[in-house]
Amino acid sequence: MESAFTKPIILYAEDDYDDYESIKEALGQLSDRQLLLHAKNGAEAVSFMEHATILPCLIVLDLNMPIMDGKEVLLWLKERDEYKTIPVMIFTTSSREDDLKLCQKHGCTFFRKPTLYRDLLHVAQTMLQICDKVMANS
């Protein structure tokens with residue numbers, strides 16, 4: 001059995017703990033190959049990235065967070081050579097066209113938070129597929 005420190009990391013910046021727990025449960029139902037780390041806001045996500053010894057295979061951002069929102073984190077990541085190739089998924093309740101366009105401009109995956117668990121499992125499966133692809137290419 002591999003230790004948690006050798007597992008690929010998914011960093012999830014989400015201020016709603018219930019939303020974090022939901023995706024954690026869905027990921028856990030599908031696989032134990034990745035380690036899901038939680039940042040409670042964008043500033044925590046940035047701090048994690050600045051101090052990380054192992055970079056995540058995927059960064060998942062809620063858009064509406066206190067202190068530093070997901071849009072600010074996305075722009076921060078894409079401005080830095082060391083992070084701009086890390087896949088980013090926007091996972092939000094927003095249905096604003098501008099948010100979708102921002103995501104498309106920066107090559108991220110965009111999902112609206114679903115109400116049905118089976119749809120949440122689809123999002124979790126997509127997260128795993130993105131990480132698997134990153135790990136296969138590294």
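Start with the whole molecule and switch on its surface. The accessible surface of the protein comes to about 7600 Å². Carbon and sulfur atoms account for 51% of that area. Keep in mind that this is a predicted model.

Now show only the C-alpha atoms. They fill a box of roughly 45 × 35 × 25 Å along the principal axes. A compact globule with 138 residues would have a radius of gyration near 14 Å, and the protein has 14 Å, so the two agree. Of the 138 residues, 44% count as buried. Look at contacts between residues at least 6 apart in sequence: 70% of them join residues at least 24 apart.

**The elements**

Switch to a cartoon view. How many helices and strands does the protein have? There are five helices and five strands. Follow the chain from the N terminus, and the elements run β-α-β-α-β-α-β-α-β-α.

**The sheet**

Select the strands. They form an open sheet of five strands with parallel pairing. Read across it and the order is β2-β1-β3-β4-β5. Which strands stand at the edges? They are β2 and β5 (residues 109–112). Each has a single partner strand, so one side of each is left without a neighbour in the sheet. On average, neighbouring strands of this sheet are turned by 20° against each other, direction ignored.

**Strand β1**

Next, select residues 9–13. This is strand β1. Is it enclosed or open? Color it by burial: five of its five residues are buried, so the strand is largely enclosed by the rest of the structure.

Show the side chains. Ile-9, Leu-11 and Ala-13 point one way. Ile-10 and Tyr-12 point the other way. Why two directions? In a regular strand the side chains alternate between the two faces of the sheet. Here, the residues pointing either way are buried.

**Both neighbours of β1**

Add residues 35–39, which are strand β2. β1 and β2 pair in the parallel sense over five bridges. Find Leu-11 and look across to β2: Leu-37 stands opposite.

Now add residues 58–61, strand β3. This strand also runs parallel to β1, and four bridges join the two. Two pairs are worth picking out. Leu-11 stands opposite Ile-59 in β3. Tyr-12 stands opposite Val-60 in β3.

**Helix α1**

Select residues 17–30, helix α1. Together β1, α1 and β2 make a right-handed β-α-β unit. Which strands does α1 lie across? The helix lies across β1, β2 and β4 (residues 88–92). Its direction is at about 175° to β2.

Stay on this helix and click Glu-25, which has its place in α1. Is Glu-25 buried or exposed? Glu-25 is exposed, with a relative accessible area of 53%. Add Ile-54 to the selection and draw a distance line. The C-alpha atoms of Glu-25 and Ile-54 are separated by 23 Å. Along the chain, these two residues are 29 residues apart.

**Asp-99**

For the last stop, select residues 97–105. This is helix α4, and Asp-99 is found in it. Is Asp-99 buried or exposed? Its relative accessible area is 6%. The cut-off for buried is under 20%, so Asp-99 counts as buried.

Which residues touch Asp-99? Leave aside its neighbours within four places in sequence. Asp-99 is then in contact with Leu-63, Lys-71, Ser-94 and Phe-110. Show these side chains together to finish the tour.

Terms used:
Residues are numbered from 1 along each chain as its sequence is written. This is a predicted model: local features need pLDDT of at least 70, side-chain atom pairs count only at pLDDT 80 or more; totals for chains, interfaces and linings use all residues. Side-chain values use heavy atoms; hydrogens and water are left out. Buried means under 20% relative accessible area, exposed over 50%, partly exposed in between (1.4 Å probe, protein chains only). Two strands pair if DSSP finds at least two bridges between them. A crossover is right-handed if, with the strands pointing away from the viewer, the path from the first strand over the helix to the second runs clockwise. Axes are lines fitted to C-alpha atoms, for helices over the stretch in contact, and angles run from 0 to 180 degrees between N-to-C directions. Contact means heavy atoms within 4.5 Å. The radius of gyration is taken over C-alpha atoms; the globule rule is 2.2 Å times the number of residues to the power 0.38. Accessible areas come from the Shrake-Rupley method with a 1.4 Å probe; for residues, only the protein chains shown count as cover.
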